[in-house]
Amino acid sequence: MTESSGPDHLYLVGMMGAGKSTVGRALATRIGLPFVDVDTMVEGEAGRSIPELFAEGEEHFRRLEADVLSTVGQGPEPAVVAVGGGAVLAEANRRVLAGTGTVVWLRAAPSTLRARLEGGDGRPLLARAGDVGLAVEKLVAVRAPYYADVADLIVDVDGLGVVDVVDAVQRRLQAIGRR
Ligand code: S3P
């Protein structure tokens, strides 16, 4: 957190398939904080699934995502927050992340992401990709600098199970005195 204005959330960022929701839920249980999933909140607010929202245009989804993130950022109670993979693209979102919490980038190699995402799994950005590996590589190339920009910590998740990643995040947070 670069400004001490917010509730000090613990944000998990990174590509789809990096394990933000699964790790976030387990981490929240471990450290005794509520868990918030921005994608799930967007779906709840809109009353529609993410693929349905994308069908109305990615812009529409991104506006809802920014609104939800801004609301979460202002929430008074600290939470572990899983942030959808594309949210870092918007400067306003990056400001919310940097200003209201500690940001952990769950970094996964494209080969790891590809193996996890090959089935599509409800991700509209990959649904029509002929070559998921290539599509993932392109997204990573664009987004990695933004993840690096907002991250207080980077945890490499390749080859690790959920508990290993939770352990690593917790260790690293303790090492920087954040939680
Ligand atoms: C997206 C990632 C998804 C979801 C939407 C767009 C992206 O979230 O927000 O499908 O742009 O990378 P996850 O990262 O939780 O899969």
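This is a dialogue between a student and a tutor on how to read the sheet, the helix packing and the core of a predicted model.

Student: Which residues and atoms count in what follows?

Tutor: The model is predicted, so local features need pLDDT of at least 70 and side-chain atom pairs count only at pLDDT 80 or more, whereas totals for chains, interfaces and linings use all residues. Residues are numbered from 1 along each chain as its sequence is written, and side-chain values use heavy atoms, with hydrogens and water left out.

Student: In what order do the strands of the open sheet stand?

Tutor: Strands of a sheet pair through backbone hydrogen bonds, in a parallel or an antiparallel sense. Helices (H or I, at least four residues) and strands (E, at least two) are taken as DSSP runs and numbered from the N terminus, and two strands pair if DSSP finds at least two bridges between them. Here 5 strands form an open sheet in the order E2-E3-E1-E4-E5, with parallel pairing. Strand E2 (35–37) and strand E5 (153–156) stand at the edges with a single partner strand each, so one side of each is left without a neighbour in the sheet. From one strand to the next the twist averages 25 degrees.

Student: How many bridges join the paired strands, and which residues stand opposite each other?

Tutor: Starting from the E2 edge, 3 bridges join E2 to strand E3 (residues 80–82), and Phe 35 stands opposite Val 80 in E3. E1 and E3 pair over 3 bridges, with Leu 12 opposite Ala 82 in E3. E1 and E4 pair over 5 bridges; His 9 stands opposite Gly 101 in E4, and Leu 12 has Val 104 as its bridge partner in E4. E4 and E5 pair over 4 bridges, where the partner of Leu 106 in E5 is Val 155.

Student: Are the two faces of E1 covered or exposed?

Tutor: In a regular strand the side chains alternate between the two faces of the sheet. Burial is read from relative accessible area: buried means under 20%, exposed over 50%, and partly exposed in between (1.4 Å probe, protein chains only). Both faces of E1 are covered, since His 9, Tyr 11 and Val 13 on one side and Leu 10 and Leu 12 on the other are all buried. Strand E4 (residues 101–107) is mostly covered, with 6 of its 7 residues buried.

Student: Which residues have the most contacts inside the largest nonpolar core?

Tutor: A nonpolar core is a set of buried Ala, Val, Leu, Ile, Met, Phe, Trp, Tyr and Cys residues joined through side-chain atoms within 4.5 Å. The largest one has 55 residues, and those with the most contacts inside it are Val 13, Val 104 and Leu 106. Helix H8 (residues 132–150) gives the most to this core, with 7 residues. With contact meaning heavy atoms within 4.5 Å, and residues up to four places away in sequence not counted, Leu 106 touches several residues, including Val 13, Val 23, Val 155 and Val 169.

Student: At what angle do the axes of H1 and H9 cross?

Tutor: Axes are lines fitted to C-alpha atoms, for helices over the stretch in contact, and angles run from 0 to 180 degrees between N-to-C directions. Angles under 35 degrees count as roughly parallel, over 145 as roughly antiparallel, 65 to 115 as roughly perpendicular and the rest as oblique. The axes of helix H1 (residues 20–31) and H9 come within 9 Å and cross at roughly 60 degrees, and H1 and H9 are therefore oblique to each other. Among the residues that meet are Thr 22, Ala 26 and Arg 30 in H1 and Val 162, Val 166 and Gln 170 in H9.

Student: Are Val 162 and Gln 170 of H9 buried or partly exposed?

Tutor: Val 162, in helix H9 (residues 162–175), is partly exposed because its relative accessible area is 34%, whereas Gln 170 is buried at 19%. Leaving aside neighbours within four places in sequence, Val 162 is in contact with Thr 22, Val 23 and Ala 26, while Gln 170, with residues up to four places away not counted, touches Arg 30 and Ile 31. Val 162 and Thr 22 are 140 residues apart in sequence and 7.2 Å apart in space, C-alpha to C-alpha.
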